[in-house]
Amino acid sequence: MARSGLESPRQSEGVKGVRSSVAGPWERAIFKAKAVCGGGGTECLVNPALTPPGPAVDSAKDKMEPALLPGPEWPEQERAEQLARGAALKWASGIFYRPEQLTRLGQYRSREVQRTCSLETRIKSVVQSYLEGVQTGVRQLAQALGAMQGAREALGQAHGLLQDMAESAQTLAPLREQVAQHKQLQALSQLLPRLRAVPAALAHTQSLIDAQQLLEAYVSLRDLEQLREETWAHLGDLELPDFEGLAPLAEALGRAVETAAGAAGQLAREDPALLVAAVRVAELDAGHTTALGQAPRDWRQCCLRALQDGLERVHFGTHLLPGPGALAEWLEALRVALPAELATAEALVAPCCPPHYKVVQLWAHTLHRGLRRSLQQVLTGAELGAADAFTLLHWTLHVYLGQEMMGSLELGPEADVSQLEPLLTLEDVEGLEMMFVAKVQASVAQWLQKALDGEVAEWGQEQEPDTDPSGFYHSPMPAIVLQILDENIRVTSLVSESLQQRVHSMALSELGAFLRSFSDALIRFSRDHLRGEAVAPHYVPCLLAALNHHGALSSSVSVLQPDGVASGPLAPLEASLDELQRRIYRLVLEALLAELQPLFAALPSRRWLSSPELLGCVCERTARFCRDFWRVRSPAVQLLLAEAERTVVLQYLHGLMQGRLVCRDADERTQAAERLRQDAAQLQELFLGLGLEESAQCTPVLLALRELLNLRDPTLLGLEVAGLRQQFPDVSEDHISALLDLRGDVSREQRLAALSSLQAGPPPSPPAGRHALFSLVPAPTPVLSSCLPSGHCA
């Protein structure tokens, strides 16, 4: 603390005079002491260097100590008091440290005196106010005490009077009992004539019920119930034995009303008065309240339930549910009976009932509910067949809601058929559709297998396959297959689009399976025939007939596609048909190869150079093999002839590539070239005669090879080889080497030059419409020693 801000005391008695001023800022001194000392002990509160010794400070300290609070009850309080005491001493020493500050001692004293007087005045005012309030409260309590004592005395007097009155009332209890008994006797004396007639009235009411006079019976019953209520009112709910038969009588009348309501349809035709009486009894009873403690009869609801139960019992009783195979007859009977029942309800039953019964709507909804429950029982019963499933789907989705039944124009709007729930849920419909498709699929698979077995059985017969009026091979199998599938698809359009799509997918799947089975059967038939296990007298005609079957199936498969359905699902089926066609072609060509391979084994040879007999035999046997091709329908016949011609040419090329002949001189090369020209002309004439178009033939390859053999200057072989490659891009070095070997006059350098021309220039593009030839002809691998290590054939 800076000494410039402190004042030194002038004398010791000045310090004694500020005692009152020190007590004022006591709380501020506590916080100031904490701030200066930082929470330390009491020794930091008094600085000996700042507080000069003297009697003034000691006396001030002695006079301030008695003003502190009494001893602490816990250590924290004692520490707080020490801090406060030290802070006060430090404040006082700071204020009066300097002598010039003692001149203001009088001001401090007067200020503290004024403050003390003000506090004393306020304390006196508050105490005086409290004393006045206490005095008023004491006075009010004294008044309340007096009032309570007066009320207590009045209550004591009243209690005594009540005790006297209770004792007097006890003496009157026998008199009250006698009065009550007198009133009951008086009521019984008045009701006695009517009570004597109760047994007879009960018997009369029962006879009315037995005679089905329901209104009269109800009036009699109400009279008896009213008499019983009057008796209860006078006798205090005392039950007399005479009324014990009243409850069974009411139950009998209720049963009679329910029985009449249950036969409402029959009564409306035979005895409408009885039906009207039953309904009126139910309505009259609904307007009456029952006696206290009795349950309501609610004959109106019983009557309505009886109407519904009777209607369901007539048409949908358990004994009426159809047995196996009788579903169609049951549904047809309902188609006739339900509209007749609704017409009866509208014409006969509705006039017998109040309008709020809504008889036509009640009939329609009751019949619908009973039919719905019966159909659920049918579905959960024995498994339905395909015909029953189809009939049920068609009947529920179309016939029931059609104009013949619930959609009839004669059925008025009061029927409110638009609010009816579907007879079958979506799950039921889907389950029936899946069941129908599964059973139809099994049946279709059996029929298709039978058709295939019948066709396979005809392959081994001694006679040729049947032909149609145009002379083409013909069999009813494709028509049978397509008819089976088409009929199943078309008939499902009568039910729903979803079922038609399911059956369509199933039909395509079964047709694909049938095609695979047909193809497998052809393979077994061909294998058995070629192995000699079961030689077919007309093997090739049977294959040609199968090719016509494929054409019939391919041209008619589009009829299986429903209108408005995309053709995407037909793609796998078309792929299966194409595979079947390729397999039949392959089997036919394998048979052709089996006939021609022994003839091509001697080609080329010296005999071939000098005589056309070898190719003449080939042409003769090929013509004999292909004589029945005209019984195949277009365009399959053109494809078959083209494949046969290509097979012959490939066998011819294969013979040339085998290296069985090497020309010895220019004359033999000229002779070989001429033979190629003549053979090409002979083959071309053969297949033109068979009907193959000239543009589809492969014989021009022989003419191209003729040019290669007929070339006189071997140095120009590179140009000829390049031209051959332009016409036939699939020719390889091995093929060219084999052809050069056939010439017999090509040196190694000339061979390498010719082979190098294959790599020169851009790769040729295959001519449009021309099939591969050389790539299908195996060529012998040239001897490696005849080629340079860096050559093209290395």
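Me: Before we look at Arg-582 and Glu-579, what counts as a salt bridge?

Reply: A salt bridge is a side-chain nitrogen of Lys or Arg within 4 Å of a carboxyl oxygen of Asp or Glu. In this predicted model, the side chains of Arg-582 and Glu-579 meet in such a bridge, with 2.8 Å from N to O.

Me: Where do Arg-582 and Glu-579 sit relative to each other in helix H20?

Reply: The general idea is that an α-helix has 3.6 residues a turn, so residues three or four places apart point the same way. Here, Arg-582 and Glu-579 are 3 residues apart in helix H20, and therefore about one helical turn separates them. Arg-582 is partly exposed at 45% relative accessibility, and Glu-579 is also partly exposed, at 33%. Both residues belong to a network of salt bridges that links them with Asp-520 and Arg-583.

Me: Which parts of the chain does the salt bridge between Glu-433 and Arg-502 link?

Reply: This pair joins distant parts of the chain, since Glu-433 lies in helix H16 (residues 426-459) and Arg-502 in helix H18, 69 residues apart. Their closest N and O atoms are 3.0 Å apart. Glu-433 is buried, with a relative accessible area of 2%, whereas Arg-502 is partly exposed at 30%. In total, the structure holds 25 salt bridges.

Me: Is Ser-526, which also belongs to helix H18, buried or exposed?

Reply: The reasoning needs one cut-off, namely that buried means under 20% relative accessible area. Ser-526 has a value of 3%, so this residue counts as buried. Beyond residues up to four places away in sequence, Ser-526 touches Tyr-539 and Leu-587.

Me: How should I read the largest nonpolar core, and which of its residues touch the most other members?

Reply: In soluble globular proteins, nonpolar side chains tend to be buried together. The largest core here has 185 residues, of which Trp-363, Leu-371, Trp-608 and Phe-629 touch the most other members. Helix H20 (residues 570-600) gives this core its largest share, 14 residues. If you follow Leu-371 and leave aside its neighbours within four places in sequence, you will find contacts that include Phe-316, Trp-330 and Trp-395.

Me: Why can helix H27 be called largely enclosed?

Reply: The approach is to count buried residues along the helix: 9 of the 11 residues of H27 (residues 733-743) are buried, so the rest of the structure largely encloses this helix. Among the buried residues are Glu-733, His-735 and Arg-743, and the elements covering the buried residues include helix H23 (636-657) and helix H28 (748-756). After H27 comes Gly-744, whose phi is positive, near 80°.

Terms used
Residues are numbered from 1 along each chain as its sequence is written. This is a predicted model: local features need pLDDT of at least 70, side-chain atom pairs count only at pLDDT 80 or more; totals for chains, interfaces and linings use all residues. Side-chain values use heavy atoms; hydrogens and water are left out. Buried means under 20% relative accessible area, exposed over 50%, partly exposed in between (1.4 Å probe, protein chains only). Contact means heavy atoms within 4.5 Å. A nonpolar core is a set of buried Ala, Val, Leu, Ile, Met, Phe, Trp, Tyr and Cys residues joined through side-chain atoms within 4.5 Å. Helices (H or I, at least four residues) and strands (E, at least two) are DSSP runs, numbered from the N terminus.
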